Amino acid sequence: MSEELVQHPKESLPGPRASPREVWKKGGRLLSVLLAVNVLLLASTLISGGAFNKVAVYDTDVFALLTTMMLLAALWIIFYLLRTARCPDAVPYRDEHAGPIWLRGALGYEDKSGLVLFGICTLVMDVFKTGYYSSFLECQSAIKILHPIIQAVFVIVQTYFLWVSAKDCIHIHLDLTRCGLMFTLTTNLAIWMAAVVDESVHQAHSYSGSYGNSSHTRLTPDPERAGSTTGGDPCPCSTAICQIFQQGYFYLYPFNIEYSLFASTMLYVMWKNVGRLIASTHSHGHTPSRVSLFRETFFAGPILGLLLFVVGLAVFILYEVQVSGERDHTQQALVTYYSFNIACLGLMTLVSLSGSIIYRFDRRAMDHHKNPTRTLDVALLMGAAMGQYAISYYSIVAVVVGSPRDLLGALNLSHALLMIAQHTFQNVFIIESLHRGPPGAEPCEMPPKESCQGITFANLDAIHTLPSCPPTPRLVSPSPESPQEAMAIISAPRCHWRRRCLKDISLFLLLCNVILWIMPAFGARPHFSNTVEVDFYGYSLWAAIVNICLPFGIFYRMHAVSSLLEVYVLS
């Protein structure tokens, strides 16, 4: 399934004839990438500059840029939808593999409930932000109220666009489409950066008082910029409703961050599919099918995963309650937090290693065909893991070189080492799973060619109760197919135990990754509560390391969830 356009004879070309413009495919991609890079650099410059009060970049400048980008992207999406609707030949091919299973929904490939869930949470966040800024309308710029409203419109338009067009392989206005998709992708990345900066600075501000630092988020009015002569806050959030809105949208930031990243991955696959020719006679890869959770499992993985999920929620709540109290309570909260994470990461490492060992006995053929979605999934898993790798190695150096030799230091070191091991073995397991052939490709499921006419069955009804990898065959009169179908039932149990083990492993890892996403995404920052790294590197350097690397670690967890869901389906 080649991604490159190939000149075919007219009679054998599976789709529209290659036009002279398609020869410039790489040039068109380069043009769209250059556009995206320049826009992204401009956005990142303003967003990072607007995060600090001493930089002469006002928060209204950042909001104005993001609002303009979202308006332009929404207008292009509307143009795309109208253009494809009026041109029947605009989309001659559909990439059935486009979009991770998480975005397509857990119970079906055509249900994109995953993307809609994050979109709805983002809309609720926009409502909270609008209510927050409206609480002191008399001293705020109009762009601050307009920004969440435009973002809500952009989320609605983009979600509908990805719902109906995520699989498109468009073949008209190729360069314009590539530039439009890249600009929309850049807009999502800019929204992600703005959310990460606001959330990170907000978290850092919560811990800065202990280290004599002062920091303000871009969302907090700056007295100097507001022209206040008294030095007080010209826009105080004093009412209960205002404080609810303010706290509410910070808790909803993780959903907005994940929505922007997942939308970016889908847009990238669409960009790769522009002008792509796909053979219509057959498709490589995995056949879409419906999936039922907990089906064909031993239930050990889901039960243990749910147990760790519940315990993790209790540990997270206990940590949030105790970490802001007295020093003794903070020490106890950190010990509890690290102990749970060490146990969870240790089990995940062993389970991932067990899954890789099981694949040594799996005789399904490897799928080496080109697949933009799978290639992107692997790249994101490896790239996002670098963020957590960096934090772990910085922690290892601080603990080993630093002078403290106490229980907390030992737990911190064990946590960092297990974090590296868990990411490594989990990536190996997931990547190998994604490259396995579809179910039914195992030799154990393929009936042998030699005849077995002599096989008889004492209880024909019992044959239907036997577990089988392929669909249960029909019992018909003796024919060349009947003995092969019978042998398929007899040989299926030899490989069925591996299927069940792999499904248990994938569900266990999925639930563990969910709880390990919830903890840092909703405010758990032991990196600052534990003073080992802060004392070793200094608050400013350590805060920069965590605020840059941790968002990638958070994204890794959610992307691992989507990949593990696909592993569950393909097992």
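This presentation describes the predicted model of one protein, from its overall make-up to a few chosen residues.

Good morning. Please note that this is a predicted model, in which local features need pLDDT of at least 70 and side-chain atom pairs count only at pLDDT 80 or more, while totals for chains, interfaces and linings use all residues. Residues are numbered from 1 along each chain as its sequence is written, and side-chain values use heavy atoms, with hydrogens and water left out.

I begin with the whole protein. Its secondary structure comes to 19 helices and two strands; these are DSSP runs numbered from the N terminus, helices being H or I with at least four residues and strands being E with at least two. Of the 571 residues, 54% are buried. Here buried means under 20% relative accessible area, exposed means over 50%, and partly exposed lies in between, with a 1.4 Å probe and protein chains only. The protein exposes about 25,600 Å², and carbon and sulfur atoms supply 67% of that area. Accessible areas come from the Shrake-Rupley method with a 1.4 Å probe, and for residues only the protein chains shown count as cover. Among contacts with a separation of 6 or more, 85% are between residues 24 or more positions apart, a contact being heavy atoms within 4.5 Å.

I turn now to the charged pairs. Side chains of opposite charge can pair when their charged atoms come close. How many salt bridges does a search of the whole structure find? The search finds two, a salt bridge being a side-chain nitrogen of Lys or Arg within 4 Å of a carboxyl oxygen of Asp or Glu.

One of them joins the side chains of Asp175 and Arg178, at 3.3 Å from N to O. Both residues lie in helix H6, three residues apart, about one turn of the helix. Asp175 is partly exposed because its relative accessibility is 28%, whereas Arg178 counts as buried because its value is 1%.

The other salt bridge is between Glu432 and Arg360, whose closest N and O atoms are 2.4 Å apart. This pair links distant parts of the chain, 72 residues apart: Glu432 is in helix H13 (residues 407–434), and Arg360 is in the loop between helix H11 (327–359) and helix H12 (372–401). Glu432 has 12% relative accessibility and so counts as buried; Arg360, with 55%, is therefore exposed.

Next, the surroundings of helix H6, which spans residues 174–208 and contains Asn188. Is Asn188 buried or exposed? Asn188 is buried, because its relative accessibility is 1%. Its side chain reaches the backbone oxygen of Thr184 at 2.8 Å. That is a polar contact, a pair of N or O atoms within 3.5 Å; within protein, one must be able to donate a hydrogen and the other to accept it, and residues adjacent in sequence count only if both atoms are side-chain atoms. Leaving out residues up to four places away in sequence, Asn188 touches several others, including Phe154, Tyr259 and Leu267.

Ser32, in helix H1 (residues 25–50), is buried at 0% relative accessible area. Apart from neighbours within four places in sequence, Ser32 is in contact with Arg178, Cys179, Met182 and Trp271. Arg178 is the salt-bridge partner of Asp175.

Just ahead of helix H6, His173 lies in the loop between strand S2 (168–169) and H6. Most residues other than glycine have a negative phi, and most peptide bonds are trans. His173 has a positive phi, near 45°, and is partly exposed at 39% relative accessible area.

Helix H2 offers two further residues. Ala74 lies in this helix and is buried at 10% relative accessibility. Not counting residues up to four places away in sequence, Ala74 touches Phe154 and Val157. Leu82 is also in helix H2, residues 59–86, but is partly exposed at 47%. With Leu72, Leu75 and Ile78, Leu82 forms a nonpolar surface patch of about 380 Å² of accessible area together. Patches are made of residues with over 30% relative accessible area and no salt bridge, like charges being joined within 9 Å and nonpolar side chains (Val, Leu, Ile, Met, Phe, Trp, Tyr) within 5 Å.

Finally, the cysteines. The whole structure has zero disulfides, a disulfide being a pair of cysteine sulfur atoms within 2.5 Å. Why does Cys344 have no bond to Cys512? Cys512 holds the closest cysteine sulfur, but at 3.9 Å that sulfur is too far from the one in Cys344 for a bond. Cys344 is buried, at 0% relative accessible area.
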